[in-house]
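Biologist: I would like a close look at a single part of this model. Please take one residue and then set it in the rest of the chain.

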Amino acid sequence: MLRLPRRRLPRPPRRAACTGPGRRLLLSTPIFYANGPPHIGHLYSALLADALHRHRGLRGAGPGRLSTGTDEHGLKIQQAAAAAGTSPPELCERVSGLFRQALTQAGVSFTDFVRTSQPRHQRAVQRFWGALRDGGALYKGSYEGWYCTAEECFLPESQLAERRDAQGRPCKVSLETGHQVHWTKEENYMFRLSAFRDPLWKWLQENPHAVSPDPFYQRVLRWLEEDLPDLSVSRESSRLQWGIPVPGDPTQTIYVWVDALVNYLSVVGYPTAHGEWWPGVHVVGKDILKFHAVYWPALLMAVGLRPPEQILVHSHWTVHGQKMSKSLGNVVDPFSCMGQYTVDGFRYFLLRQGVPERDCDYYHEKVLKVVNSELADALGGLLNRSTALSINPSNTYPCFSESCFPKVSDSRETKGTGRASAEDYEFLASVASLPLQVAAYFEGFQIYKALECITLCVRQTNGFFQRHRPWKLDRKDPEEQLWLDTIIHVTLECLRIFGTLLQPVIPHTADKLLSRLGVEPQERALSSLTFLPRYSGKPCPFEGRQLGPDTGILFHRLEKSREHQRETKKL
Ligand code: ME8
């Protein structure tokens with residue numbers, strides 16, 4: 001074992017999150033409204049879930065499923081279809097196809113894509129409704145209040161502001177989103193949400209990581225301390241036709257949020273086959289936290305099911321500091337980003353720069369800076385330098401020499417032995433501890449921190465390579481040759497670790513890197529990842545092996561787009 005002489009890397013989180021070993025796990029993204037095309041916020045949610053899912057798979061943590069899909073019912077979709085001069089089914093077919101295409105192109109490894117218009121989902125929702133009714137959780141009441149169609153929910157006065165509409169007439173809008181609300185009064189089925197305050201409180205107290213990161217957990221607790229009125233869970237069919245009818249009462253349509261939340265059960269075969277997959281872990285944006293951390297667990301408890309195992313919450317992407325919105329015309333299209341920055345480049349940017357606890361800002365120059373410096377220059381450059389024919393003419397994974405890099409129990413003992421310096425031992429210790437740190441950060445839903453640690457180690461490896469100037473060593477001198485081989489061996493070992501750890505985030509680039517190193521697909525699991533076994537006197541299966549074919553630059557530097565060049569000139 002290498003000893004860490006000094007702690008240089010950020011401390012991994014104390015507590016583990018969603019991905020305990022050896023059991024089944026359903027991970028989900030929100031299902032996205034099919035009223036408009038995907039944007040980078042949707043993609044970010046899906047990438048977070050995808051990276052967690054891939055990471056689990058590589059750890060051999062047990063069978064996993066990743067569900068995503070589209071939310072197709074409700075007034076919002078009904079109105080969007082009317083505005084577009086089309087029918088709701090036609091609009092949903094088209095927009096759902098765009099989401100599927102965007103996620104597929106981005107390499108999101110979903111195992112299920114659910115559409116709420118599918119018969120399997122409609123059956124599940126109707127059975128869920130039946131279970132709510134049979135459990136006595138529903139009653140019919142008259143409900144009135146301010147309804148926000150964009151958010152598909154009633155809002156209390158405290159969440160409203162006075163504004164003027166386009167014609168200058170006074171109107172009320174949602175404080176949070178700025179969308180107009182309308183007074184609505186109808187006969188609805190109501191869900192006894194108020195009766196679930198204590199069970200919800202108990203659930204959260206007993207599961208302090210049920211909602212993560214912690215600021216969002218605290219927010220949910222605060223909501224529970226406030227008023228928790230019963231929830232209207234149906235709409236009159238005369239106003240809302242595009243939805244699932246209430247079983248036995250065709251005058252009412254099931255509320256779109258109840259319909260949508262049940263998707264997490266319909267993907268695992270509710271009401272017959274969900275048992276072994278429930279409860280699941282949901283990745284959601286902060287905008288829909290209340291639906292997932294208050295309404296959904298209460299609905300589940302009401303039908304005798306367990307609340308979600310965990311709700312992993314992330315904040316929002318802004319663009320040049322502004323909220324993304326259709327009216328501002330600043331919605332960022334994921335297809336064009338993937339075209340411009342490559343799929344892996346954009347995946348890396350979003351996951352490296354996205355911090356779940358706080359809103360993050362997107363702009364072109366930032367993507368170029370992060371991706372060019374960390375993927376093209378640092379990682380790509382390291383591979384390029386350490387595999388160059390001038391430095392490694394045999395194109396093999398060279399041997400490690402214990403006499404050049406002898407094992408020590410403390411980096412301060414290095415004097416006089418071998419060629420490695422105290423700094424080299426520190427660097428080795430950092431890379432040795434990297435797999436565990438990365439695992440801990442993935443578990444703690446801090447993927448950005450895992451990437452920060454990897455990047456730090458890539459920099460240290462470049463420093464190691466640079467420090468010893470292997471290109472200056474005389475290959476004809478046997479001593480020098482041993483040291484040269486050792487430097488390259490250590491560098492390739494580091495690259496193997498980085499490539500393996502980066503698979504969940506940049507799968508194509510990691511594959512290219514590992515293939516170049518000659519690492520076979522069955523040698524890429526995280527569960528069996530050992531760094532530099534030769535340092536501990538154990539055999540290294542790669543030593544002496546031929547490297548894989550050189551397929552060119554690992555990651556091409558991104559160029560400033562023409563549009564941005566023009567913009568910069570104007571400034
Ligand atoms: O709310 N930054 O769907 P939706 C980051 N259908 N993520 C963002 C984002 C941004 N600027 N904007 C949106 C719905 N998202 C419902 C969900 S689930 C049972 C039903 C992401 O199309 C984020 O995950 O409005 C947010 O929660 C989700 O997209 C909302 O997508």
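In which loop does Glu152 lie?

Modeller: This is a predicted model. Glu152 lies in the loop between β4 (138-148) and β5 (153-155). Its backbone is worth a look, since the phi of Glu152 is positive, about 55°, although the residue is not a glycine. Most residues other than glycine have a negative phi. Glu152 has a relative accessibility of 2%, and a residue under 20% counts as buried, so Glu152 is buried.

Thr342 also has a positive phi without being a glycine, with a value of about 70°. Thr342 sits in the loop between α10 (334-341) and α11 (343-353). Its relative accessible area is 36%, so Thr342 counts as partly exposed.

Two peptide bonds belong in this account as well. Most peptide bonds are trans. The bond from Ser212 to Pro213 is cis, with omega near -5°, and Pro213 is in the loop between β9 (211-212) and α6 (214-225). Trp278 and Pro279 are also joined by a cis peptide bond, with omega about 5°. Pro279 is found in the loop between α8 (263-266) and β14 (281-285).

Now the chain around these loops. The protein chain has 17 helices and 18 strands. Its radius of gyration is 27 Å, close to the 25 Å that the globule rule gives for 571 residues, so the chain is as compact as a globular protein of that length. Along its principal axes the C-alpha trace spans about 90 × 55 × 40 Å. Of the 571 residues, 57% count as buried. Among contacts with a separation of 6 or more, 77% are between residues 24 or more positions apart.

The inside can be described through its nonpolar cores. The largest has 112 residues, and within it Tyr362, Phe405 and Phe498 touch the most other members. Helix α15 (residues 478-502) gives the largest share of this core, twelve residues. Leaving aside neighbours within four places in sequence, Phe405 is in contact with residues including Phe400, Leu428, Phe464, Trp483 and Tyr535. A second, separate core has 72 residues, among them Leu75, Val114, Val246 and Ala302.

As for the outside, the accessible surface of the chain comes to about 24500 Å², and carbon and sulfur atoms account for 51% of it. The chain carries 69 positive and 59 negative charges, and the mean positions of the two sets are 3 Å apart.

Terms used. Residues are numbered from 1 along each chain as its sequence is written. This is a predicted model: local features need pLDDT of at least 70, side-chain atom pairs count only at pLDDT 80 or more; totals for chains, interfaces and linings use all residues. Side-chain values use heavy atoms; hydrogens and water are left out. Helices (H or I, at least four residues) and strands (E, at least two) are DSSP runs, numbered from the N terminus. The radius of gyration is taken over C-alpha atoms; the globule rule is 2.2 Å times the number of residues to the power 0.38. Buried means under 20% relative accessible area, exposed over 50%, partly exposed in between (1.4 Å probe, protein chains only). Contact means heavy atoms within 4.5 Å. Accessible areas come from the Shrake-Rupley method with a 1.4 Å probe; for residues, only the protein chains shown count as cover. Lys and Arg count as positive and Asp and Glu as negative; His and the chain ends are not counted. The place of a charge is taken as NZ of Lys, CZ of Arg, CG of Asp or CD of Glu. A nonpolar core is a set of buried Ala, Val, Leu, Ile, Met, Phe, Trp, Tyr and Cys residues joined through side-chain atoms within 4.5 Å.
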